[in-house]
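Good morning, and thank you for coming. Please look at the sequence and the structure as they come up on the screen.

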Amino acid sequence: MKNTSSTDGKSRSAARAAAAKERPVPAVSRSPAPARLKFWGVRGSIPTPGPTTVRYGGNTSCVEVRADGQIIILDAGTGVRLLGRQLVAEFDTRPLDLTLLLTHTHWDHIQGLPFFLPAYQPQNHLRILGYEGARHGLEVVLAGQMESPFFPIGLREVPANVRIEELKEMSFNVGPVRVQARFANHPSKCVGYRLFTSDGSIAFFPDNELDQRDAGANRKMIDFLRGADVLIMDTQFDTEEYQQHTGWGHGCLDDVVALALEAKVKKLFLFHHDPNHDDAKISQMQAHARKLVAARKGKLQVEAAREGVTVEIGK
Ligand SMILES: [Zn+2]
Ligand SMILES: [Zn+2]
């Protein structure tokens, strides 16, 4: 990848001013680099820093996808802060053209946005797409968490060009990447996405409860996920915990494994780890899921999603 920025301070600021005026080009060239994703936040509900969560990580929902010249961010939980720092370090003054796809506006999926560094650089363009919140428009909800007295800088005041679009269609494109959305079974409006890249597809359902009593809904979900290379899905509860949390809108591990097997998914990532689950518990759930697959003689690979891990798509 070519670095067009100068090391000279003066010309750098001139370049920055010029870059702010010109239309941004996609930050990633259409290189033959394979599509990949990186986990920046894998926790559900609330960040959980501390010694018992260092292996899997304590930041909330955020996954970066780089594919076909696009940088697509899935959710802006607290993990997006670290992604922002990485993008600024990597691209310096080159303008970034980023797309953020939000599944919904629960705090654990938007709380990192005020701390997303590229939003504070005038040369960057950030397009935020999502479906409306429960009662208010998406823009009102996102700006609301940055209003005084919650935050010192308003969303409409940040220097980057931020465009918030409320989606109505369930199928759209981000550059050459086709995106399909589907409503999840979760309180208020929440969707999951499937991204079709030239190297394979990624499905993302960070918050979802599979309703075992509704065979029709399960069948539709299986159809939606069929043959996905990667499925990242809410597996917040084990079977015992799920009995106490039925109807809360979060996934039961055994049900999700069964669904992924049925849909012939290649790789399943356990996601939205419960804030009360320490590293040992998450490793246990991963082992349990692998046993379920082995018992069914399935080919499905299962991993518990871990902060900082990169996955190449189609491998
Ligand atoms: Zn959540
Ligand atoms: Zn939620």
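I shall begin with the whole chain, then turn to its sheet, its core and one loop residue.

This is a predicted model, in which local features need pLDDT of at least 70 and side-chain atom pairs count only at pLDDT 80 or more, while totals for chains, interfaces and linings use all residues. Residues are numbered from 1 along each chain as its sequence is written, and chains are lettered from A and ligands numbered from 1 in the order in which they are written.

The term pLDDT denotes the predictor's confidence in each residue, from 0 to 100. Its mean over the chain is 91, and 89% of the residues reach 70 or more. Over residues 1-10, however, pLDDT stays under 50. Where pLDDT is low, the predicted coordinates should not be read in detail.

The chain contains eight helices and 14 strands. Helices (H or I, at least four residues) and strands (E, at least two) are DSSP runs, numbered from the N terminus. Of the 315 residues, 44% are buried; a residue is buried if 20 or more other C-beta atoms lie within 10 Å of its own, exposed if 12 or fewer, and partly exposed in between, with C-beta atoms placed from the backbone.

Let us turn to the sheet. Seven strands form an open sheet with mixed pairing, in the order β7-β8-β9-β10-β11-β12-β13. Two strands pair if DSSP finds at least two bridges between them. Why do β7 and β13 each have one side without a neighbour in the sheet? They stand at the edges, and each has a single partner strand, so one side is left free of a neighbour there. On average, neighbouring strands of this sheet are turned by 20° against each other, direction ignored.

Strand β11, residues 230-234, pairs in the parallel sense with β10, residues 200-205, over four bridges. Between these two strands the chain passes through helix α5, residues 215-225, in a right-handed β-α-β crossover. Right-handed means that, with the strands pointing away from the viewer, the path from the first strand over the helix to the second runs clockwise. On β11's pairing with β12, residues 267-271, there are five bridges, again parallel. Strand β12 is in turn joined to β13 by four bridges, and these two run parallel. Helix α8, residues 279-295, packs on the sheet, touching β12 and β13, and its direction makes about 170° with that of β13. For such angles, axes are lines fitted to C-alpha atoms, for helices over the stretch in contact, and angles run from 0 to 180 degrees between N-to-C directions.

Which way do the residues of β11 point? V230, I232 and D234 point one way and L231 and M233 the other, and all are buried. In a regular strand the side chains alternate between the two faces of the sheet.

V230, L231 and I232 also belong, with I73, to the residues with the most contacts inside the largest nonpolar core, which has 79 residues. Such a core is a set of buried Ala, Val, Leu, Ile, Met, Phe, Trp, Tyr and Cys residues joined through C-beta atoms within 7 Å. Beyond four places in sequence, I232 touches residues including V63, F204 and F269; contact means C-beta atoms, placed from the backbone, within 7 Å.

Finally, C190 lies in the loop between β8 and β9. C190 is buried because 24 other C-beta atoms lie within 10 Å. T103 is 87 residues from C190 in sequence, yet their C-alpha atoms are 5.5 Å apart.

Technical notes. Two residues are in contact if their C-beta atoms, placed from the backbone, lie within 7 Å.
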